[in-house]
Amino acid sequence: MSRFSIGSATLLVPDHGGRELQVTDFGGELHDAWEMPAVVAAPDGLLMEIAYQRWDGAGAVVALSRGDSAPAYDRLIRGERLSVKAREDGAEHVVADLLQWDPTEGPNGWGSAKKATPEELDSTLGASAETLLFQAGALDFGTRAKVLGTGATPTRTGSLSCSRATSRWAARGVRADSCPADREGEAGVMIPRVGTALPVDGSFGEVIKGTQTMLRAFGWDLGKFYDDKMRPQFGDDWLKKLVEVRKQQHPDVPMYKKVPNLWDPNFCVNEPAKNTDSPLKQCLGPMPLDVWSKFKSIPFKFRNREQHFDEVPALETLRADAELIRDVASFLGLPVAEEAAELIARVDDLEGGAVFGAAPDEMMAELAKELEEYQAKHKAQAAEVAKARATGEAAKADAQAAANELAVMAETIAGLEAALEAQRNAQRRSFTDEYLDLAAGDVWPASPPTRTLRLLGHVGDLYDPSTTDLLSNEYGPIAVKAAERWREYLPHGGNVHLSRVGQAVALVNGTWTYLGSLDDGSADDLLDEVV
């Protein structure tokens, strides 16, 4: 999740929920766009759900809901848009129409909207809007005429131009050129690279953790390997073109019924392995027979074994997996080769009696501290990217170098976030004595838990006002899955009470009702995770 502050307001952009759709711009023209939802939180309980829609060269920020407000006001603001226009250097112009109204007038209390000025916005904020925006990375601020060089009504509209590098939105599928980890792959799937997690002991969970993260890292590295070679020759939509050909050749093969996930090892291996005319086979180049055999065996060895649970997870099996990935990745020059070698060394250490890991609270504190440090570095680096891009063509090389460093930081942050989520979930599941054996929909037999969250109506997540954060940033994807399930009982969102062990309760039709647990979908999710 990306967290961004402007003054007292906080913007929370989750790592999930992006989707492709068609939108109509301000001129009535239809575009294929990418939409990313987000949440804006501010003092006095302000909570707004918004979405960033982006298409070729332009976009809009759209208000989806302000659930903390009176229904009349929520209806007034829903659908309001800020226009976005991209420049060639990566900066974006955002144009905002400023309005103010008197809540005491009109039949619904919101009937006196009128034009407002930036000065009146300053008065409402209690500070200079221009100063706050510049502190957040804006490059310019003023009327439309000043910033864009076009006609405008100065007393109504304030326009600002802010660097793309200061917003993770653009890097999450809309404009992914600056961050290889977030390339769209033409499938609408953007996942950051998650590095191989070293086990701390020989337990089943730790062995599975090592296996799955190593396989994910291999798939990501191989997908990027192909993408780097294919884009210059066949364009950004090479994957889509390839799949269209395969659909005609093999209409019944499930792998080609939709555009595959570029980071899926099943596709990355089987496409060149089963098609002699595959351009991906040309990317791989000539392989020694033993390496080619190992390469082709990866989906079978991992997918069948892990999906059908036909082996007990063991350190010995993990070492064999790591040796397989190491040999193939080393030949191709993939970064995961070094991680596989480290994993082999860790298995050797564990089998030799070495002890790793500290107490859960200590580990979480260390991870949280390291994550905070990297996030601060990432923010500072984003500002450097913005400055370099703002200086124009002369600093183009510096801007690109800074952007590359920014991408590496983003990968590190993603890995730390995943590790911290795993530790938090392990601690949560340890409160077994607080678990109540109920089925979703049952009446809750006790007082509701004291932790109160807001189930969001549009963004697939829950918001915690006590931490100004999303639950998915605490517990990861299982929170997103839970939000989907719990909307069966609260289709428009609402308050949810969550226990320490992860059981959710809400007032449904006047009755305290058990919605389910964060872990209810874990078994299904595990199967979904297997590639």
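Is Tyr514 buried or exposed? Tyr514 has a relative accessibility of 1% and therefore counts as buried, the cut-off being under 20%. The residue belongs to a predicted model, and the rest of that model is best taken in steps, beginning with the chain as a whole.

The protein chain contains 16 helices and 18 strands. Of its 531 residues, 46% are buried. Among contacts with a separation of 6 or more, 57% join residues 24 or more positions apart.

Confidence varies along the chain. The average pLDDT is 77, and 76% of the residues score at least 70. Over residues 151-190 the pLDDT stays under 50, although the model has 152 contacts beyond four places in sequence for this stretch. Residues 522-531 also stay under 50, with 18 such contacts beyond four places in sequence. Where pLDDT is low, the predicted coordinates should not be read in detail.

The N-terminal part offers a simple starting point. Strand β1, residues 2-6, pairs with strand β2, residues 9-13, in the antiparallel sense over five bridges. Arg3 has Leu12 of β2 as its bridge partner. Two residues separate these strands in a hairpin, and Gly7 in the turn has a positive phi of about 60 degrees. Strand β2 also pairs with β4, which covers residues 30-42; this pairing is antiparallel and runs over three bridges. Here the bridge partner of Leu11 is Val40 in β4.

Further along the chain comes helix α6, made up of the 12 residues 238-249. From first C-alpha to last, α6 reaches 17 Å, close to the 16 Å expected at 1.5 Å a residue. Its buried residues include Trp238, Leu239, Leu242, Val243 and Arg246. Viewed down the axis of α6, the buried residues fall within an arc of 125 degrees, so they line one face of the helix. An α-helix has 3.6 residues a turn, so residues three or four places apart point the same way. The cover over the buried residues of α6 includes α5 (204-234), α7 (265-274) and α8 (279-284).

The path back to Tyr514 leads through an open sheet. Six strands make up this sheet, in the order β15-β14-β13-β16-β17-β18, with antiparallel pairing. Its edge strands are β15 (469-470) and β18, each of which pairs on one side only. Within the sheet, β13 and β14 (residues 462-464) pair over two bridges in the antiparallel sense. Leu455 has Leu462 in β14 as its bridge partner.

A search of the whole structure finds four aromatic pairs. One of them joins Trp444 and Tyr514, whose ring centres are 5.9 Å apart and whose planes meet at 35 degrees, so the pair is tilted. Trp444 sits in the loop between α13 (396-429) and β13 (451-455), whereas Tyr514 sits in strand β18 (residues 511-517), so the pair ties together parts that are 70 residues apart in sequence. Like Tyr514, which has 1% relative accessibility, Trp444 counts as buried, at 8%.

How values were computed: Residues numbered from 1 in each chain as written. Predicted model: local features only at pLDDT ≥ 70, side-chain atom pairs only at ≥ 80, totals over all residues. Heavy atoms only, no water. Helix = DSSP H or I, 4+ residues; strand = E, 2+ residues; numbered from the N terminus. Expected span 1.5 Å × (residues − 1). Buried < 20%, exposed > 50% of the residue type's maximum accessible area, 1.4 Å probe, protein only. Arc of directions from axis to C-beta. Contact = heavy atoms within 4.5 Å. Pairing = 2+ DSSP bridges. pLDDT = per-residue confidence, 0-100. Phe/Tyr/Trp six-rings, centres within 6.5 Å; stacked < 30°, edge-to-face > 60°.
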